[in-house]
Amino acid sequence: MAGESKSRAGEVRLWRNARLATMAESSAGLGVVEHGAIAVRNGRILYGGPEADMPAALREGAEATDCEGRWITPGLIDCHTHLVHVGNRANEFEMRLAGATYEEVAKAGGGIVSSVKALRAASEDELVAQSLPRLDALIAEGVATVEIKSGYGLDLENEKKSLRAARRLGGERPVTVRTTFLGAHALPPEAKGDKDAFIDLVANEILPAVAAEGLADAVDGFCEGIAFWPEQISRVFDAAKAAGLPVKLHADQLSNLHGAELAARYGALSADHLEYADEAGAVAMAKAGTVATILPGAYYFIRETKKPPIALFRQHGVRMAVATDNNPGTSPLTSLLLTMNMAATLFGLTVDECLAGVTREAARALGLLGQTGTLEAGKSADLAIWDVERPAELVYRMGFNPLHARIWRGQ
Ligand code: DI6
Ligand code: FE
């Protein structure tokens, strides 16, 4: 395409002769505009709609890119990742393939705690360096915004190191990074089995310190028998509230501890996984406006058989986001395109639901719907331009990347 030079402040840039999937809430389905154009100034969308209806003033003197009929979607958003980690757990994968159980893997030094050991031993620079290739893989498929959780540090210094590394990644690449403090992820060895004492440490010391330094945009927890009980998560959420941070939750992934209701009670931005969530959970989430983040990569990788209750989410009007859950233990996945295919194939999400799940609803799950996630005036000019004939191809293919160009904040 012509016209790829950097625009100067105040100049209008135009992407024309495109088909748009605006994902605007007010429109049906994908919000399709067949003969569309997008006008951008200072990194923001001024206009997104039919080219014929665009104000003439925007056209005059604008630097225009002819998209030759390609499709434009909002830049993609991966709203749930543990991207900042060290090493990998391919050894555990091999053990499990050879028939080892989760407990046997844990006894052999595996599990989340092995990733904690690796992260604690690494410098912040090493963390950034090891995480960049994963971030680059996401970006190569049109991702413009990525959420990154801590949770492999599990003490003050190492949680802060993780979050600083995550923030630095946003400076290393043209991408928006949102950080989430996941101190209540697992019990570190030094806690010697005392979950309550560790939760006190997370809620009363680590979280307030992380918040005071502005290192986290949200707070998450892992509510599960193998992690923390709802009452313990509540204490962390109370501390988040006191610090003025929104919450999210790993809820009902392996069993039904009514994590969905817990998240809703705290007005959580999202409850994530939800394989074991029930109707009461779906109703509570709908009432609270809590987004259901669907993570098919983890479901696939751990060979879970219980599917999240998609029909209940639809019935009660729960919004659904779709994300990679990139992590070394249960979802070593760095393709949001493949994730959409999994959400459709494994859980029966429609193409429209998948695309909304990695754009508008993912933005909502991060509290960023005012800033990104749709091609509407006033939003950040985050665009993905695709070499496809129809948007369904983005969901249909497996392991093929039809991205033509990616624009982040107008560049
Ligand atoms: N749920 C998961 O599936 C991952 N974390 C979480 O809260 C597992 C992370 C890991 O095994 O490293
Ligand atoms: Fe996760």
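Two exercises with worked solutions follow, on the fold and on the surroundings of ligand 1.

This is a predicted model, in which local features need pLDDT of at least 70, side-chain atom pairs count only at pLDDT 80 or more, and totals for chains, interfaces and linings use all residues. Residues are numbered from 1 along each chain as its sequence is written, chains are lettered from A and ligands numbered from 1 in the order in which they are written, and side-chain values use heavy atoms, with hydrogens and water left out.

**Exercise 1.** Work out what radius of gyration, taken over C-alpha atoms, the protein has, and set it against the globule rule (2.2 Å times the number of residues to the power 0.38).

*Solution.* For 411 residues the rule gives a radius near 22 Å for a compact globule, and the protein agrees with this because its own radius is 21 Å. The C-alpha trace spans about 70 × 45 × 45 Å along its principal axes.

**Exercise 2.** Determine which residues surround ligand 1 and which side chains place a polar atom by its oxygen atoms.

*Solution.* Begin with the shell, counting heavy atoms within 4 Å: among its members are His82, Ile112, His185, Phe222 and Asn327. Next, sort the shell, which divides into three nonpolar, eight polar and one charged residue, with Gly counted as polar and Tyr as nonpolar. Then look for polar contacts (N or O atoms within 3.5 Å): polar side-chain atoms of Arg89 and Tyr152 each lie 2.7 Å from an oxygen atom of ligand 1, while for His250 the distance is 3.5 Å.

Methods: Polar contact = N/O pair within 3.5 Å; in protein donor to acceptor, adjacent residues only side chain to side chain.
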